[in-house]
Structures are given as C-alpha cells and as structure tokens.
Amino acid sequence: MHYRHNFNPTISDEEIFNKILDEQELIGYYNLPLQDPTIYKEYAKTVKQKNIVVIGIGGSTLGTYAIYKYLKHSKELSKKLYFLETTDPIDIESKLENVDLNDTLFIVISKSGTTIETISIFKYIHSLVSIDKNNCVVVTEHDSKLKTYADANGMKSFEIPKNVGGRFSVFSAVGLLPLAIVGINIDDLLKGAQMVHQSFFNKRNFYKRLINKARFLVEYKNSFNVNVVFSYSSRLEGFNKWYIQLWGESLGKVDINSTRQGLTPIGIIGPIDQHSFLQLIIEGKRDKTVTVIKVENFYNHLKIPAVKLEGLEELDYIDNLEFSNLINKQADATIESINNVNDIPCDVITIDGMCESAIAALMYEYELLTSLCAKFMYIDAYNQPGVESGKKILKEKLIKNI
C-alpha cells in the first residue's frame, strides 16, 4: 500500500522516544511491570471467601475484567470474580442474585475515593449484608475519603499511586489484587508486561515498530480516523472494551494549538462480526485502519465431528477440523480480503496463547502505543477534562435534585 500525504514531519523518532523517557519519571504506569507483587500474593492467601466482588467503574474494572475474561476458562480457579460497575438496577440485582453474599469478599476500587457510581453500589451492598474488615478491602489513593473510611473501620487498603491513571492502572493493585485472590498468576502477568517494557526501552525492533505504527495512525488521522480492533477470540471481548476506554479517553483531547484531536476506537469480535462489520470495512468509506488480533494456541482440541447431514454433504470438508484451526483460518481469510483491496491499512498481532503473559504483553503494548500517539498529537494522554465536566454536572444535579 502507498499513501500520499501533505504534512511535514515535525518530530523525529528519537525525539519521541526521549519524550517517553522523560515522561517515565513522572507517569507511574510505565514501571508497574517492574514491581514486586508479594504484597498482593500474601494478602490473597488470607482470603477465605469463595466469591470476590469488585465494586468500581471504568479504569477500576475494565482492565481486570479483560484479563479475567481471557483466562478464566483456561485456569482452574478456586474463586469466582464478579464486577459491579453500573448503576443499572436490573444489572445489579441480576448479578447479586447468584452470589452468596455471606461468602463474599468485596473489593471497593476508586482512585479518587468519591466515584458516585461506586459509592452508590457500595451503599446498596451495605443494606444487604454487614460490611466490616473481614469481608471488605479498599483500593484507592493514600489520602482519599475512601481511605479515611477504610481506616476508620479497620479495613485493609491498597494504594493506587497518584501518578497512575485509572485506565492505565491494571498492573497496579487495581488489577493485581483481585486477580491474585482468584488464582491468576500475577508473576506471569508482570513477566508478560516486562518483556514488552524491556523490548521497547532497549530500543530494539519492537521500539521502531510501535513508533512507526503510532506515527502512521496520527499522520493519517484525517484520512483514517476510525481504528478497528478485530479480535479473533471471544475471550478478547473484555480487552476490546478496555481498549475503547484507553483509546477514547486518552486521545480525544484539545492539543497545544487548541485543535481538537482524537482517534475513534471500535472493538469487534471475529468471526461474529465478520458477518456484519467486515462488509463496512471492505466496501464502506475508507476512514478505517484495522488491527486483527489472532491467538496462536487456544490449548483446546475440540473438533467438528464427521457427522453426515443429508443435503449438506458438500460441507464434509470441514469434518475433523479443530475449531481453533477454523477460527484462525477465518482470521486469515479476513486479513487476505482486506489486503486484496489494497487501500485499507491493516496490521496483525498474533499472541502466544491463553496464558497470563500473552494478555499482559498485549495490554502493555497498547498502553505504550497510546502514549506514543499522544506525543505525536501534542496532547496530554493522562487527563480527562471532558469526563470530569460530566461528573461535575451530575453532582450538581444530584445535590439540587433536578
């Protein structure tokens, strides 16, 4: 593919990399993969409850859900993890009706400590079951009002560093604590993120690949403003949701020249959306880039049985084919169909398999990609004034009861 452009590059790869190096001293997520997770593993050993309920919203839950969704069917987990993250009353009741609240540890997560959705749900839980230091733990900033509440009630609390934003917090206590408790190997999670960290900051080929991708996305943003992640595993549905928040909240900003910036994220699942959104990609408006995510090894050998169906003999060529092989061939067919039209930017990420290191590496790579795109756009990836304005309006309406 060849694209023409009318811009003059204003910043070199070396400059971008140096900006990230400088930012590494200020923004906490970069070095989270290098931490010692012993504190979370030790606490996890003390948890007796069979049900773990995370109460939070947005960055407090999406990353943890992404990892849990990806791994839970491949691991023998002794505990079940639930997420209360919406004020939809039907959703709250439907989730709780399947949970023995007397055999539950509640993890309340709020960076600010005053998130209305989170505290509203927590108040409701209080009305259903007695909450104390034996069945509740708090994850928040060290000086938040939620931390004050935890201290007043003798509850265990874990800190979210001030310089780690919610949507970049999955490798902090926000994600590591609940995942360790249910039996996910958080050492392997961090190792996956460490591999990407090492590859990027040691300036190997990975560093160039990520910078090249970020540069393309930003320099052609006026032509290709929609970034489609096409994940070929239903277990990546949680990753898609996390990516949409990470991309949208980090990159939808006003830059230093008061120009509105942003790249629109879309997360879809193959092969389900292959029968819908692919039509829009192939024959629709040329405003989309596509990243196809494949899973190398599903560690599952379920096969299509050689069952004879009268009138459908022409499909017998699929007999004895493993479903994992089928879904990867569907991904390959999608990639080839996109490449054949020769004017849709498309790249492919293949992750190793259904293991902790694979999903962690993917997520940390996307965090780095987000930061790189922000640097090319001359925006702050780590604030969210648009979201904060909505929170302020909501608070005023609730106080005034209007």
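**Loops, sheet, helices and cores**

Ser-258 is found in the loop between helix 10 (237–251) and strand 7, where helices (H or I, at least four residues) and strands (E, at least two) are DSSP runs numbered from the N terminus. The model is predicted, with local features needing pLDDT of at least 70 and side-chain atom pairs counting only at pLDDT 80 or more, while totals for chains, interfaces and linings use all residues. Residues are numbered from 1 along each chain as its sequence is written, and side-chain values use heavy atoms, leaving out hydrogens and water.

The backbone at Ser-258 has a phi near 65 degrees, a positive value in a residue other than glycine, and Ser-258 is exposed, with a relative accessible area of 61% (buried means under 20%, exposed over 50% and partly exposed in between, with a 1.4 Å probe and protein chains only). Beyond strand 7 (264–269), in the loop that leads to helix 11 (277–283), lies Pro-271, which a cis peptide bond with omega of about 0 degrees joins to Gly-270. A positive phi, near 50 degrees, is also found at Tyr-299, which sits in the loop between strand 8 (288–297) and helix 12 (323–341) and is exposed at 52% relative accessible area.

Turning to the sheet, 5 strands form an open arrangement in the order 2-1-3-4-5 with parallel pairing, two strands being paired if DSSP finds at least two bridges between them. Its edges are strand 2 (80–84) and strand 5 (156–159), each of which pairs on one side only, and neighbouring strands are turned by 20 degrees against each other on average, direction ignored. Strand 1 pairs with strand 2 over 5 bridges, and Val-53 stands opposite Tyr-82 in strand 2. Because 5 of the 5 residues of strand 1 (residues 51–55) are buried, this strand is largely enclosed by the rest of the structure; Asn-51, Val-53 and Ile-55 are covered on one face, Ile-52 and Val-54 on the other. Further along the sheet, strand 3 (residues 104–109) and strand 4 (residues 136–140) pair over 4 bridges, with Phe-106 having Cys-136 as its bridge partner in strand 4. Helix 2 (residues 38–46) lies across strand 3, strand 4 and strand 5, running at about 155 degrees to strand 5, where axes are lines fitted to C-alpha atoms, for helices over the stretch in contact, and angles run from 0 to 180 degrees between N-to-C directions.

Among the helices, helix 7 (residues 173–182) and helix 8 (residues 186–201) have axes that come within 9 Å and cross at roughly 140 degrees. Leu-176, Leu-179 and Ala-180 of helix 7 meet Ile-186, Leu-189 and Leu-190 of helix 8, contact meaning heavy atoms within 4.5 Å.

The side chains also gather into nonpolar cores, sets of buried Ala, Val, Leu, Ile, Met, Phe, Trp, Tyr and Cys residues joined through side-chain atoms within 4.5 Å. The largest has 107 residues, of which Ile-107, Phe-200, Phe-239, Ile-359 and Tyr-366 touch the most other members, and helix 13 (residues 356–377) supplies its largest share, 15 residues. Leaving aside neighbours within four places in sequence, Tyr-366 is in contact with Lys-213, Val-229, Phe-239, Trp-242, Tyr-243, Leu-246, Thr-291 and Ile-349. Apart from the largest core lies another of 20 residues, including Val-53, Ile-55, Val-99 and Val-129.
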